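Hi,

Here is the structure I promised to pass on, with my notes underneath. Have a look at it first, then read on.

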Amino acid sequence: MKKKFIIGMLLVLSLFMVACSNKKEEAQGEGKVLKVAVSEDTTTLEPNALSDDYEENILIQVYDTLVKRNSKGELVNSLAESIENPDPQTFKIKLREGVKFSDGSPLTVDDVIFTLQRAATSDRYKSFYGKIDPNSYNKEDDLTFSFKLSEPDAAFLNSLSHPAVSIVSKAYVEGGADLTIAPMGTGPFVLDEWIQNDHATFSVNENYWGDKPSIAGIEMKVIPEASQRIIELESGGVDLAYKIDPSEISNIEENKDLQLFRRLDNSIHFIGFNVAKAPFDKLEAREAMVNAIDTKTIFETVYMNSGKLATSPINPNFKYSIADSLKPNAVNKEKAKELFAAAGLGEGTNLKIYTSDNQQRVNVATMMQDQLKDYGIGLSVERLEWGAFVDAVRNKEHDMFIMSWNPSIVDAHYEIFQPFHSENKGKEPNVTFFGNEELDNLIKEGISTIDDAKRADIYKRAQELINKEYPWLYICYGETLVAGSNKVEGLDLLPKYPQELKDVKLLEK
């Protein structure tokens, strides 16, 4: 008995020492700044002007929304303690108690109503939130209110997770704050400095309502070259590197000092046609390009089979997608030649394709350039920094462009509304300047229909119509690839480029 007792005591002591060692290891990592290499930067930090993942990458650290999607794809409460939806047009929301903005002021219903109305009257997001009847707000107390929609919106609850309705302080904004450069929210971090196209630094929000981050802050470094991001990671210059080139996967997996985070995400990568000017104002020209370009080889070569060949504008992760029932485009050179001739494109034609300063997209454009030589068509590749790229495609300088689309609202409506609805011409990602009255009507019908079977039929018809009009040449559904030091722990990868970093720890190894 005595021997067993001693062994038992030794076991307890051993476990105690391991526990202390683990706590010490974690404690040694506390107070450190998490350094992250990002691929590109945004042009503004105004939630109501958000148009790219790079802005959300910053906003997601500083702000909270009423609800959010977790890594499992579940819609969960964030600043909302509860949301009741007694009928399709009525929402009653109770806020969490004790939430403060980073300046110490309390979050109240007035801030949420102010935020919703800013979005509802903004140029970019009034179509998302403009259905809120501004006269219907009913404030029960500082934490509880309700409102009504002017008409049913099947995606409205999902839309409350969009960063455009990141909850802002009414007093802060009305006091003259410029949200384009100085965001202030209830999120886990405070933005201390943003030098565009160089870096952004964050410190911990001491007034954060949730569990405090264990790291002291974040430094995001803008490093456009994928290879350079890996070099920085390997040398210890950063702890995480976003947008890893698939060609680096095997090297990362073989490096004992690194780890790879990966998952199929909600994005679609595509080549867009500018339908507002010749030659792609003609359907024949767009269809010719679809038959001429070997996207399968591009996917295998540039994306290294990371992700999945795309067949529909709605990612298969989304409800109502018909992607898995369709076959990817295949090269048909004879048909391509016939269609190019019908569109007036022949030997000596020169086209321009615009791409951001993203090596993967540059590689896609270079492969297209080579493939089009078989048809006597020249292709000029215009590689630009993200802000300049956005300006150029908004100004219709391009014939084609390369982009990806990953809506912040996980609903089939937003997969197709922003890229293809007529009212969004000239707003990314609809820099194809595409519009179709029949499609517009289907999109409107889909968002206002609550019945599940009817929505499925509507979005099936919408996808089929888009696939006949060829505003895009699909490449693939993407995969989120993030590389990290083996000191990183707690990154719960989201199926998109922006990542929440509040739960990340830096351990001593």
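Thr201 sits opposite Glu219 of β10. That pair belongs to the antiparallel ladder between β9 (residues 199-204) and β10, which has five bridges. Keep in mind as you go through this that the model is predicted. Glu219 has another partner as well: Lys35 stands opposite it. Lys35 comes from the pairing of β1 (residues 33-38) with β10 (residues 217-222), where six bridges link the strands and the direction is parallel. So much for β10.

Next, the sheet I spent some time on. It is open, with four strands in the order β4-β5-β7-β6, and the pairing is antiparallel. The edges are β4 (80-87) and β6, each of which pairs on one side only. On average, neighbouring strands here are turned by 15° against each other, ignoring direction.

Going through it strand by strand:

- β4 and β5 run antiparallel and are joined by five bridges. In this pairing, Ala80 has Leu95 of β5 as its bridge partner.
- β5 (residues 90-95) is joined to β7 by five bridges, again antiparallel. Here Lys94 stands opposite Thr144 of β7.
- β6 (residues 138-141) pairs with β7 over three bridges, also in the antiparallel sense. Thr144 turns up here too, as the bridge partner of Asp141. The link from β6 to β7 is a hairpin through two residues.

How enclosed is β7 by the rest of the structure? Largely, because four of the five residues in β7 (residues 144-148) are buried. As a reminder when you look at the strands, side chains in a regular strand alternate between the two faces of the sheet.

There is a helix on this sheet as well. α3 (residues 109-120) lies across β5, β6 and β7, and runs at about 25° to β7. Ile113 is a residue of α3. Is Ile113 buried or exposed? Its relative accessibility is 17%, and the cut-off for buried is under 20%, so Ile113 counts as buried. Setting aside neighbours within four places in sequence, Ile113 is in contact with Tyr137 and Phe145. Ile113 and Phe147 are 34 residues apart in sequence, with a C-alpha to C-alpha distance of 9.4 Å.

Now for two helix pairs.

α9 (residues 283-292) packs with α11 (residues 333-342) at an angle of about 155°, and the axes are 8 Å apart. Angles over 145 degrees count as roughly antiparallel, and α9 and α11 are therefore roughly antiparallel to each other. The crossing is left-handed. On the α9 side the contact is made by Glu284, Ala285, Glu287, Ala288, Met289, Asn291 and Ala292, and on the α11 side by Lys333, Lys335, Ala336, Leu339, Phe340 and Ala342. By class, that gives eight nonpolar residues, one polar and four charged.

α14 (residues 412-420) and α16 (residues 452-469) cross at roughly 35°, with axes that come within 11 Å. This crossing is left-handed too. Ala412, His413, Ile416 and Phe420 of α14 make the contact with Arg455, Tyr459, Ala462 and Ile466 of α16. That contact has six nonpolar residues, one polar and one charged.

Last, some backbone geometry you may want to look at. Most residues other than glycine have a negative phi, and most peptide bonds are trans. Which residues go against that here?

- The peptide bond from Ala278 to Pro279 is cis, with omega near 5°. Pro279 is in the loop between β12 (258-273) and α9.
- The bond from Glu428 to Pro429 is cis, with omega near 5°. You will find Pro429 in the loop between α14 and α15 (437-448).
- Phe433 is in the loop between α14 and α15, and has a positive phi, near 60°. At 10% relative accessibility, Phe433 counts as buried.
- Tyr470 has a positive phi as well, near 55°. Tyr470 is in the loop between α16 and β17 (472-485).

Over to you.

Cheers

Methods
Residues numbered from 1 in each chain as written. Predicted model: local features only at pLDDT ≥ 70, side-chain atom pairs only at ≥ 80, totals over all residues. Heavy atoms only, no water. Axes fitted to C-alpha atoms, helices over the stretch in contact; angles between N-to-C directions. Parallel < 35°, antiparallel > 145°, perpendicular 65-115°, else oblique. Left-handed = near helix turned anticlockwise from the far one by under 90°. Contact = heavy atoms within 4.5 Å. Nonpolar A, V, L, I, M, F, W, Y, C, P; charged D, E, K, R; others polar. Buried < 20%, exposed > 50% of the residue type's maximum accessible area, 1.4 Å probe, protein only. Pairing = 2+ DSSP bridges.
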